[in-house]
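Please take a look at the sequence and the 3D structure shown here. Keep both in view while you read.

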Amino acid sequence: YINLIDDEYNKNLNFLKTKLDTIIGDSFDYENDAFNEFYLHILSKGESNFNKIIDNDYKKKYHVIPTYNYDLQVPIKEHLYNKKSEYQLISVLDTDKLGKVLVIDGDFQFSEKDEHIYHEMMAHVPINYFENNINKLIIGGGDGGIARESLKHNNIIKIDLVDIDKEVVEVSKKYFPKISSSYDNPKLELTIGDGMKFVESTNNKYDIISLDLTDYNQSDDLRNPSFYKKLKKIMTEKSLIVWNFTNIEEDSPFIDILSKIKNDFKYMECYNTTIQSFGGGTYTFCLLSDTIDIKNKKIDWNLYKSKNIESKYYSPKIHLSSFIFPKSIEDKLAKIH
């Protein structure tokens, strides 16, 4: 019961922080004892009063994308959607420069302008290590973008997509139909539920597992090394895990996470890309496998070209160059191997 109380406490705390961000931005210290007292006072007024605060539709003029060294301000033309689901606060904003953007719990997820970069790199890089038919599992990714790109490959036989929040799926279908078009494909089977429980209960085996997760603190259970051990039990002999990591900076504390996960896999390689609207501009993904030597595996590029896949960003040259990092980060990653 204590864990349930803690989960509920932290979930509602995150809802409140997200709402306050729309009013006061980052100018308030959420770690301050005074804020905790303020939060407890609001909780003491009961669920209905708390929900009045959360459901109130505050209209901010800018969405702020934080980076390590500075913040990016994106002017908002219109607030199209703002609703608290059972798990998170979901917002859709219309902007001049980026088109419509999806925001979850105050954190930027993607924009219409450059979502293809993230989804193409998350999908095409791991798939091109396979010549044979592929069964794929996507955990998260309720917007449908990774599924859309994956289904461009004719050797994708089946995709199971598991997302805990049906509201993300419905919002994507309504506001981002070009991204969510994969839901019309019979090869895709959607399960609304907990990714951890799905992994623990399924009898299926997968060649590729994609973890398309929300930011750190929100999906920490699915970034725990113990979860990756569970994933290994549902993987075929020749298989890959790909997961969205973060934007690595020289002093990034998240590199330590790689060391813990690497212990359970023979091969681990990180690759990166540039996404202007993401905080920091660069974004890193990681590949894990026990049987595929990612760095030395020769890819059949003729097979890829024969598929006639339409892409805006991904190409064989981009694939190969994405594994190159600045020397300072290469040095840090080299210590993990």
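This report covers a sheet, its strands, some salt bridges, a pocket and a cavity.

## The model and its sheet

This is a predicted model. Start with the open sheet. It has 7 strands, in the order S8-S7-S6-S9-S10-S12-S11. The pairing is mixed. S8 and S11 are the edge strands, and each of these pairs on one side only. How far are neighbouring strands turned against each other? On average the angle is 20°, with direction ignored.

Strands of a sheet pair through backbone hydrogen bonds, and the pairing can be parallel or antiparallel. Both kinds appear in the pairs described next.

## Strands S9, S10 and S12

Strand S10 covers residues 235–246, and 9 of its 12 residues are buried, so the rest of the structure largely encloses it. Buried here means under 20% relative accessible area.

S10 pairs with strand S9, which spans residues 206–212. This pairing is parallel and has 5 bridges. Find Ile-208: its bridge partner in S10 is Leu-240. S10 also pairs with S12. Here the strands run antiparallel, again joined by 5 bridges. Asn-244 stands opposite Phe-285 in S12.

## The edge strand S11

Is S11 mostly covered or mostly open? It is mostly covered: 6 of its 8 residues, which run from 267–274, are buried. S11 is also an edge strand of the sheet.

Its partner is strand S12, residues 282–289. The two run antiparallel and are joined by 8 bridges. Two facing pairs are easy to look up. Cys-270 stands opposite Cys-286 in S12. Thr-274 stands opposite Thr-282 in S12.

## Salt bridges

How many salt bridges does a search of the whole structure find? The count is 13. Side chains of opposite charge can pair when their charged atoms come close. Three of these pairs follow.

Arg-148 forms a salt bridge with Glu-115, and their closest N and O atoms are 3.0 Å apart. The pair links distant parts of the chain, 33 residues apart. Arg-148 sits in helix H5 (residues 145–150), and Glu-115 sits in helix H4 (residues 115–127). Both residues of this pair, Arg-148 and Glu-115, are buried.

Next come Glu-189 and Lys-158, whose side chains meet in a salt bridge of 3.1 Å, N to O. Glu-189 lies in strand S8 (residues 188–192) and Lys-158 in strand S7 (residues 156–163), so the salt bridge ties together parts that are 31 residues apart in sequence. Glu-189 counts as partly exposed because its relative accessibility is 42%. Lys-158 is partly exposed too, with a relative accessible area of 26%.

The third pair is Lys-232 and Asp-290, with 2.8 Å from N to O. It links distant parts of the chain, 58 residues apart. Lys-232 is in helix H8 (residues 225–232), while Asp-290 is in the loop between S12 and helix H10 (301–306). Lys-232 is partly exposed, at 30% relative accessibility. Asp-290 is partly exposed as well, at 34%. Salt bridges can also share partners: Glu-115, Arg-148, Glu-149 and Lys-152 are joined this way into one network.

## The second largest pocket

The second largest pocket holds about 340 Å³ of space. It is lined by 17 residues. Which of them lie nearest its centre? They are Glu-269, Cys-270, Ile-294, Lys-295 and Phe-323. Cys-270 has appeared before, as the residue opposite Cys-286.

S11, helix H11 (316–321) and helix H12 (327–334) each give two or more residues to the lining. By class, the lining has 11 nonpolar, 2 polar and 4 charged residues.

## The second largest cavity

A search of the whole structure finds 2 cavities of 30 Å³ or more. The second largest cavity holds about 40 Å³ of space.

Which residues line the second largest cavity? They are Asn-128, Phe-130, Glu-131, Ile-299, Asp-300, Leu-303, Tyr-304 and Lys-307. This lining has 4 nonpolar, 1 polar and 3 charged residues.

Terms used: Residues numbered from 1 in each chain as written. Predicted model: local features only at pLDDT ≥ 70, side-chain atom pairs only at ≥ 80, totals over all residues. Heavy atoms only, no water. Buried < 20%, exposed > 50% of the residue type's maximum accessible area, 1.4 Å probe, protein only. Helix = DSSP H or I, 4+ residues; strand = E, 2+ residues; numbered from the N terminus. Pairing = 2+ DSSP bridges. Salt bridge = Lys/Arg side-chain N within 4 Å of Asp/Glu carboxyl O. 1 Å grid on protein atoms, 1.4 Å probe; cavity = no way out; pocket = protein on both sides within 12 Å on 5 of 7 lines; lining within 4 Å. Points joined across faces, edges and corners; volume = space filled by probe spheres on them. Nonpolar A, V, L, I, M, F, W, Y, C, P; charged D, E, K, R; others polar. Axes fitted to C-alpha atoms, helices over the stretch in contact; angles between N-to-C directions.
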